[in-house]
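Subject: Structure for your review

Hello,

Here is the structure we discussed. My notes on it follow below.

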Amino acid sequence: MILLSAAIVIAVWSGTVFRNELDSLSASLERLVDISEAESDEILKDETEKVVAQWEKSSKILHSFVLHEGMDTVEQNITSLPLLLKHSDRLTFRNKCIEAINQIENLLNSEKISIENIL
């Protein structure tokens with residue numbers, strides 16, 4: 001009984017941390033989409049660098065919770081943003097942000113806490 005309780009507590013805690021990190025990244029990416037539609041190149045560049053730094057910090061935590069191909073795709077999408085900003089147009093940049101947001105949503109849906117994931 002104690003082991004089951006511990007497993008449930010750990011699963012709920014890790015699920016909460018995982019969800020919070022991904023929700024924060026998703027919100028930052030959505031903000032980048034908005035900025036890309038209305039702000040200067042310099043502001044967009046600065047905000048893009050902040051999102052990449054946020055990913056670098058969060059990725060250590062996220063990779064410890066889940067080994068998932070989707071996590072690699074999110075990483076590729078986010079880390080490609082500075083180069084897209086430099087060498088592509090804003091539409092391509094926005095599409096890559098939206099692709100990362102969709103991938104995050106898929107990860108959140110696939111990693112929902114369930115009794116099957118705990119046991």
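Which pattern does the protein chain follow when read along the sequence? The answer is α-α-α-α-α-α. In this predicted model, the protein chain has 6 helices and 0 strands.

Some totals for the chain come next. The protein chain has 119 residues, and 34% of them count as buried. Among contacts with a separation of 6 or more, 71% join residues that lie 24 or more positions apart.

On the nonpolar core: the largest one holds 25 residues, and the members that touch the most others are L22, L29, L32 and I78. Two or more residues of this core come from each of helix 1 (2–38), helix 2 (41–65), helix 3, helix 4 (81–87) and helix 5. Leaving aside residues up to four places away in sequence, L22 touches L62, I104, L107 and L108. As background, nonpolar side chains tend to be buried together in soluble globular proteins.

On helix packing: the pair I looked at is helix 3 (residues 69–79) and helix 5 (residues 90–110). Their axes come within 9 Å and cross at roughly 160°. An angle over 145 degrees counts as roughly antiparallel, so helix 3 and helix 5 are roughly antiparallel to each other. The crossing of these two helices is left-handed. Helix 3 makes the contact through G70, M71, T73, V74, N77 and I78, while helix 5 contributes K96, E99, A100, Q103, I104 and L107. By type, the residues of this contact between helix 3 and helix 5 are 6 nonpolar, 4 polar and 2 charged. I78 of helix 3 is thus listed in this contact, and I78 is also among the core residues that touch the most other members. Likewise, I104 and L107 belong to the helix 5 side of the contact, and both are touched by L22.

Two single residues remain.

- F18 sits in helix 1. F18 counts as buried because its relative accessibility is 6%, and the cut-off for buried is under 20%. The C-alpha atoms of F18 and S58 are 9.3 Å apart, with their positions 40 residues apart along the chain.
- L83 belongs to helix 4. Is L83 buried or exposed? With a relative accessible area of 56%, L83 is exposed. From C-alpha to C-alpha, L83 and F93 are separated by 9.2 Å in space, and by 10 residues in sequence.

Regards

Technical notes
Residues are numbered from 1 along each chain as its sequence is written. This is a predicted model: local features need pLDDT of at least 70, side-chain atom pairs count only at pLDDT 80 or more; totals for chains, interfaces and linings use all residues. Side-chain values use heavy atoms; hydrogens and water are left out. Axes are lines fitted to C-alpha atoms, for helices over the stretch in contact, and angles run from 0 to 180 degrees between N-to-C directions. Helices (H or I, at least four residues) and strands (E, at least two) are DSSP runs, numbered from the N terminus. Angles under 35 degrees count as roughly parallel, over 145 as roughly antiparallel, 65 to 115 as roughly perpendicular and the rest as oblique. A crossing is left-handed if the near helix is turned anticlockwise from the far one by less than a right angle, and right-handed if clockwise. Contact means heavy atoms within 4.5 Å. Ala, Val, Leu, Ile, Met, Phe, Trp, Tyr, Cys and Pro count as nonpolar, Asp, Glu, Lys and Arg as charged, and the others, Gly among them, as polar. A nonpolar core is a set of buried Ala, Val, Leu, Ile, Met, Phe, Trp, Tyr and Cys residues joined through side-chain atoms within 4.5 Å. Buried means under 20% relative accessible area, exposed over 50%, partly exposed in between (1.4 Å probe, protein chains only).
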